[in-house]
Amino acid sequence: MAEDGAVTVYSGSAITDAKKNPFSIKAGLAQMLRGGAIVEVSSVEQAKIAEAAGACSIMVSEPSRPGIKRMPDPSLVKSVKRAVSVPVMSRVRVGHFVEAQILESIGLDYIDESEVLGLADEYNFINKHNFRFPFVCGCRNLGEALRRIREGAAMIRIQGDLLNSGNIVETVKNVRSLMGDIRILNNMDEDEVFTFAKKIAAPYDLVAQTKQMGRLPVVQFAAGGVVTPADAALMMQLGCDGVFVGSEVFECSDPYKKVRGIVQAVRHYNDPHVLVESSCGLEDAMAGINLSDDRIEQFGQSGV
């Protein structure tokens with residue numbers, strides 16, 4: 001990446017010497033999570049269950065509450081980090097580089113600049129080259145993904161449902177959109193790449209690199225609506241490197257079994273025998289995680 005040594009200043013003072021942690025190192029740290037499930041938790045107890053079930057990383061978030069969603073309480077993040085041995089990440093608001101500074105000072109392994117939270121800056125994302133730790137950023141298509149990578153994102157989260165409803169349709173649509181654009185790019189003549197880069201508003205060098213690699217330059221996880229082993233395996237078979245699992249997986253009688261099933265499905269997504277075993281006995285875990293009757297009726301009337 002050309003920006004490996006880039007340092008931007010806020011209020012006249014450099015936050016971090018990015019030369020100590022070039023982009024290649026951050027991307028390599030994100031690669032370590034490939035083939036795993038990142039589980040969102042809101043308590044130390046949930047974090048211990050997720051770790052025991054085989055989660056590759058823990059995403060710490062605040063318990064659900066009304067009002068603007070912000071980064072979690074640093075004391076909660078510290079408690080979770082002390083309680084588990086797997087990498088820990090947490091969310092900051094889009095554009096809120098001070099929240100990122102706070103979480104970095106705690107010693108988090110990864111930071112997620114998340115649209116799931118309230119926006120802090122409507123026009124500017126965090127310059128992630130200013131920080132020592134890898135950043136995760138969301139996208140809905142190839143153009144967004146490559147713009148976030150240019151800003152320094154070391155992992156891309158293909159985002160779907162934001163409401164924790166268990167609805168995977170948006171995630172599938174966005175994953176297929178991104179993968180479809182990459183297939184189109186792979187079949188392009190070299191002269192057409194310039195126009196394509198302009199069309200999707202993405203940096204030409206990253207578009208060319210994506211064409212050469214046949215995939216995004218960084219790991220790509222799917223997030224939103226992944227609540228069953230089958231959901232997780234679907235995302236993997238569509239071309240993702242792993243999945244984010246929302247905290248709704250803990251709203252059942254046996255969260256360990258459910259998280260374990262999803263972890264196994266991610267690891268063995270092409271083995272139907274493992275998927276059968278992972279999916280058995282989870283019917284009670286689906287209670288309350290479904291589309292509303294109104295939504296189902298609208299979908300049926302749409303003619304799709």
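Here are some worked exercises on a predicted model of a single chain.

**Exercise 1: the overall picture**

Task: work out what share of the chain's residues count as buried, and how many helices and strands there are.

Solution. Start with the secondary structure: you should find twelve helices and ten strands. Next, go through the accessibilities. The chain has 304 residues, and 53% of them count as buried. Finally, look at the contacts with a separation of 6 or more: 63% of these come from residues 24 or more positions apart.

**Exercise 2: the cores**

Task: find which residues have the most contacts inside the largest nonpolar core, and which helix gives the most to it.

Solution. This core has 72 residues, and Ile58 and Met235 are the ones with the most contacts inside it. The helix that gives the most is α6 (residues 169-186), with six residues. There's also a second, separate core of 14 residues, with Cys56, Met89, Tyr110 and Phe244 among them.

Now zoom in on Ile58. Skip its neighbours within four places in sequence, and its contacts include Val39, Val41, Ala47, Val80 and Val84. Met89 is also in contact with Ile58, and Met89 belongs to the second core.

**Exercise 3: one face of α3**

Task: decide where on helix α3 (residues 74-83) its buried residues sit, and what covers them.

Solution. First list the buried ones: Leu76, Val77 and Val80. Then look down the axis of α3: the buried residues fall within an arc of 100°, so they line one face of the helix. The cover includes α2 (44-53), β4 (57-60), β5 (88-93) and α4 (97-106).

For contrast, try Lys78, which is also in α3. Its relative accessibility is 42%, so Lys78 counts as partly exposed. Its C-alpha atom is separated by 8.8 Å from that of Gly107, 29 residues apart along the chain.

**Exercise 4: two partners for α10**

Task: classify how α10 (residues 255-267) packs with α2, and then with α11 (residues 272-279).

Solution. Take α2 and α10 to begin with. Their axes come within 8 Å and cross at roughly 40°, which makes α2 oblique to α10. The crossing is right-handed. On the α2 side, Ile49, Ala50, Ala52 and Ala53 do the touching, and they meet Pro255, Tyr256, Val259, Arg260 and Val263 in α10.

Now α10 and α11. Here the axes come within 9 Å and cross at roughly 170°. An angle over 145 degrees counts as roughly antiparallel, so that's what α10 and α11 are to each other. Gly261, Gln264 and Ala265 of α10 make the contact with Val274, Leu275 and Ser278 of α11.

**Exercise 5: an enclosed helix**

Task: explain why helix α5 (residues 142-150) can be called largely enclosed.

Solution. Count the buried residues: eight of the nine in α5 qualify, so the helix is largely enclosed by the rest of the structure. The buried set includes charged-type names you might not expect to tick off, so check the list: Leu142, Gly143, Glu144, Ala145, Leu146, Arg148, Ile149 and Arg150. They pack against α1 (23-31), β7 (135-139), β8 (153-159), α6, α7 and α8.

**Exercise 6: a positive phi**

Task: say what stands out in the phi of Ala201, and where this residue is found.

Solution. Recall that most residues other than glycine have a negative phi. Ala201 has a phi near 55°, a positive value in a residue other than glycine. Ala201 is found in the loop between α7 (193-199) and α8 (204-213). At 46% relative accessibility, Ala201 counts as partly exposed.

Definitions and conventions:
Residues are numbered from 1 along each chain as its sequence is written. This is a predicted model: local features need pLDDT of at least 70, side-chain atom pairs count only at pLDDT 80 or more; totals for chains, interfaces and linings use all residues. Side-chain values use heavy atoms; hydrogens and water are left out. A nonpolar core is a set of buried Ala, Val, Leu, Ile, Met, Phe, Trp, Tyr and Cys residues joined through side-chain atoms within 4.5 Å. Buried means under 20% relative accessible area, exposed over 50%, partly exposed in between (1.4 Å probe, protein chains only). Helices (H or I, at least four residues) and strands (E, at least two) are DSSP runs, numbered from the N terminus. Contact means heavy atoms within 4.5 Å. The arc is that of the directions from the helix axis to the C-beta atoms. Axes are lines fitted to C-alpha atoms, for helices over the stretch in contact, and angles run from 0 to 180 degrees between N-to-C directions. Angles under 35 degrees count as roughly parallel, over 145 as roughly antiparallel, 65 to 115 as roughly perpendicular and the rest as oblique. A crossing is left-handed if the near helix is turned anticlockwise from the far one by less than a right angle, and right-handed if clockwise.
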